[in-house]
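Here are my comments on this entry, set out point by point for a colleague who has the coordinates open. They go from the overall make-up to single residues.

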Amino acid sequence: MMEKDTKAKWGNLVSYVILPFTIGIKDDPLDYVRQAKATTNRKKHSLEAFCTFHLIKLIFKLFGIKASSFLANRVFTHTTLMFSNMVGPIEEIGFYGHAVEYLAPSCYGQPHGLHIIIQSYLNKMTIVLSVDESIIPDPHKLLDDLEDSLKLIKEAVYAKGLVQEV
């Protein structure tokens with residue numbers, strides 16, 4: 001990317017995909033994973049992210065920042081939940097000679113009742129919740145429930161022998 005006349009592009013290319021989340025009680029915890037995997041695979045193979053990126057880019061070029069920010073704001077204010085899964089570094093990083101123990105990104109001011117951010121770093125997963133306490137009065141309970149659900153899914157994977165326990 002540093003060489004001149006390369007085809008690699010600089011900067012962030014951001015788009016979004018709207019995923020439907022179903023909430024229900026299933027007998028097998030892996031059914032949630034299978035359903036989410038099928039939905040995300042279907043979305044990845046569609047042109048939704050590509051089209052939304054280019055649509056916002058076109059609106060920005062034609063009508064300016066106000067129109068494109070209005071469109072993005074309209075999408076984000078008419079969703080219930082925001083979920084971000086950011087892949088973190090796979091090797092240890094440092095800041096001014098001090099090792100970074102964990103990463104916990106957050107988001108403030110979004111117009112949602114619930115925003116979930118999951119960050120991975122050095123085989124650790126950090127879950128950050130940003131909640132509207134008038135909608136979710138006990139976010140610590142919700143976080144504990146998320147942790148319990150992930151443990152159930154992990155135990156189900158090990159019990160079925162899909163991966164070997166480390």
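1. Among the contacts in the protein with a separation of 6 or more, 47% are between residues 24 or more positions apart. This is a predicted model, and every remark below should be read with that in mind. Of its 166 residues, 18% count as buried, and the protein exposes about 13,500 Å², with carbon and sulfur atoms supplying 61% of that area.

2. The protein has four helices and five strands, and from the N terminus on its elements follow the order α-α-α-β-β-β-β-β-α.

3. Strands β4 and β5 run antiparallel and are joined by eight bridges; within this pairing, V128 in β5 is the bridge partner of I117. The two strands form a hairpin with two residues between them, and L122, in the turn, has a positive phi of about 55 degrees.

4. The largest nonpolar core consists of six residues, namely L114, I116, I118, I127, L129 and I136. Both β4 (114-121) and β5 give two or more residues to this core, and β4 gives the most, with three residues. In a regular strand the side chains alternate between the two faces of the sheet. One core member, L129, can be followed further: leaving aside neighbours within four places in sequence, L129 is in contact with L114, H115 and I116, and also with P139, L142, L143 and L146.

5. Is S130 buried or exposed? With a relative accessible area of 18%, S130 is buried, because the cut-off for that class is under 20%. This serine is placed in strand β5, which covers residues 124-131. Once its neighbours within four places in sequence are left aside, the contacts of S130 are C107, Q110, G113, L114 and H115; L114 is also a member of the largest nonpolar core.

6. On the surface, V17, L19 and F21 form a nonpolar patch, with about 250 Å² of accessible area together. F21 is found in the segment before α1 (30-45) and is exposed, its relative accessible area being 52%.

7. The structure holds six salt bridges, and two of them deserve to be read together at D28. The side chain of D28 meets that of R34 in a salt bridge at 3.2 Å, N to O, and D28 also forms a salt bridge with K160, where the closest N and O atoms are 3.1 Å apart. Because D28 lies in the segment before α1 and K160 in the segment after α4 (139-159), the latter pair ties together parts that are 132 residues apart in sequence. D28 counts as buried at 15% relative accessibility, whereas its partners R34, at 43%, and K160, at 46%, are both partly exposed.

8. Which residue, apart from D28, meets R34 in a salt bridge? The side chain of D31 does so at 2.9 Å, N to O. D31 and R34 are three residues apart in helix α1, so about one helical turn separates them, and D31 is partly exposed, with a relative accessible area of 30%. Through salt bridges that share partners, D28, D31, R34 and K160 are joined into one network.

Technical notes. Residues numbered from 1 in each chain as written. Predicted model: local features only at pLDDT ≥ 70, side-chain atom pairs only at ≥ 80, totals over all residues. Heavy atoms only, no water. Buried < 20%, exposed > 50% of the residue type's maximum accessible area, 1.4 Å probe, protein only. Contact = heavy atoms within 4.5 Å. Core = buried A, V, L, I, M, F, W, Y, C linked by side-chain atoms within 4.5 Å. Patch = residues over 30% accessible without salt bridge, like charges linked within 9 Å, V, L, I, M, F, W, Y side chains within 5 Å. Areas by Shrake-Rupley, 256 points an atom, 1.4 Å probe, with all protein chains shown as cover. Salt bridge = Lys/Arg side-chain N within 4 Å of Asp/Glu carboxyl O. Pairing = 2+ DSSP bridges.
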